[in-house]
Amino acid sequence: MDIAMKRRRVALCVLFLLPGLGISSWVTRTPAIRDALGASTAEMGMVLFGLSAGSMLGILGSGVLVARFGARPVIVFGTLAVILSMPTIGMGAALSTALLVAFGLFLFGLGMGGGEVAMNVEGADIEKTLSLPLLPRLHGFFSLGTVIGALAGMTFTATGFSVAWHLVIVGVLALVAAVATLGSLPPGTGRTYGRASTEAPGGRTRALWKDTRLVLIGVIVLAMALAEGTANDWLPLIMVDGHGFDQAMGSMVYAVFAASMTVGRFAGGYFLARFGRSRVLAASAAAGVAGMGLVAGADSQVLAAAAVVLWGLGASLGFPVALSAAGDSGPDSAARVALVATVGYIAFLVGPPVLGFVGEEHGLRAALLLPLLFVAFAGFLSPAARPRTAVATTGERDRVGTDPE
């Protein structure tokens, strides 16, 4: 591996960490932001709508933009939007201006939604070039960023540190990291429009939907994103309302989930090399189903809290491993990764609110049956992640995601 490729890998690791750091930084200060705004629950819902609107716009536009301009400019724009969102949210809280906070959340959603799709395209291209599993490690850095941000946020909250200065500091540190790394990304990754074909990206995307195998991989991505998104949005409340934990312990259980995700993603490379994508996905789905099932059904606090480890480990590899499978599923790898990544990030946005409506009627523990069923179905579909060739040679077995059967 040459120096340029090493710098490219390091740059992507840092760039994946930054949005994880950002999201956990402002999430941990949400109660303080709400108090600063003097907002009711309904008003906070309107403020948070800025995040959803920005995320949806970024997600839906990213694939087309990558196909036209390449991944790097989309990553640059997304990263800068995430960085700018931090002081914007902080200043909105300091000035008690709900509209400014909502705009900051819009910037964060726009940057993360668009940038992460492009970063997955870049990571899948490196995987294909090096024949080494990289996407699980990259997503591991995102999870590591959430852990670091959560710990810092809890510390700043406990000491009464200013929300505005907290988020300004995060923004400055992220800017320094971005300036040091963005130049290491090569131009043109994922750019297809105007090269091999004159077909517009939208037409190419419509054609990809006709690939049955890619659609099945998309369903796996959707299910695993739903499992992860459910925990990110609802796990503390499930533990508080459903299992009787206090708020501090509910947050601690979520930290355990985030740590389990981080461990699973960093350790995933060994298991992928040893067992292949389809078996890893099947095992991940089984662990996720077991974890969510115990959280939903167990009446013991200790058992429910311990089951979160299974949930986190099960959800950790599904999303990045399925993206790798999409990249290897046929020609036009970048468009394939962008398509299924878009499906996954939409599931992150749409799935958890749907669970909120179900939980309102039947309780949050019962609502877990919905993502559980999706994940179980994803396990059933895991053979779709196998290589196209039925029999792998010894050399092929060392390639990314090749099943060792």
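**Exercise 1. Is Asp 299 buried or exposed, and which residue does Arg 365 meet in a salt bridge?**

Start with Asp 299: its relative accessible area is 70%, so Asp 299 is exposed. The cut-offs here are under 20% relative accessible area for buried, over 50% for exposed, and partly exposed in between (1.4 Å probe, protein chains only).

A quick word on the ground rules. This is a predicted model, where local features need pLDDT of at least 70 and side-chain atom pairs count only at pLDDT 80 or more, while totals for chains, interfaces and linings use all residues. Residues are numbered from 1 along each chain as its sequence is written, and side-chain values use heavy atoms, with hydrogens and water left out.

Next, the partner: Arg 365 and Asp 299 meet through their side chains in a salt bridge, 3.2 Å from N to O. To count as a salt bridge, a side-chain nitrogen of Lys or Arg has to sit within 4 Å of a carboxyl oxygen of Asp or Glu. Arg 365 itself has 19% relative accessibility, so Arg 365 counts as buried.

Last step, location: Arg 365 belongs to helix H14 (residues 364–367), and Asp 299 to the loop between helix H11 (277–297) and helix H12 (301–327). The pair links parts of the chain 66 residues apart. Helices are DSSP runs (H or I, at least four residues), numbered from the N terminus.

**Exercise 2. Which residues do salt bridges with shared partners join into one network?**

The network consists of Arg 8, Glu 122 and Asp 125. Now zoom in on one pair: Asp 125 and Arg 8 form a salt bridge at 2.7 Å, N to O. Asp 125 sits in helix H5 (residues 98–130) and Arg 8 in helix H1 (residues 3–28), so this pair ties together parts 117 residues apart in sequence. Check accessibility too: Asp 125, at 30%, is partly exposed, whereas Arg 8, at 7%, is buried.

**Exercise 3. How many salt bridges are there, and how far apart are the closest N and O atoms of Arg 34 and Asp 35?**

The count is five salt bridges. For Arg 34 and Asp 35, the closest N and O atoms are 3.5 Å apart. Arg 34 is partly exposed at 37%, and Asp 35 is exposed at 56%.

**Exercise 4. Where is Ser 324 found, and what is Ser 324 in contact with?**

Ser 324 is in helix H12, and its relative accessibility of 4% makes Ser 324 buried. Setting aside neighbours within four places in sequence, Ser 324 contacts (heavy atoms within 4.5 Å) Glu 127, Leu 135 and Arg 277.

Methods
Helices (H or I, at least four residues) and strands (E, at least two) are DSSP runs, numbered from the N terminus.
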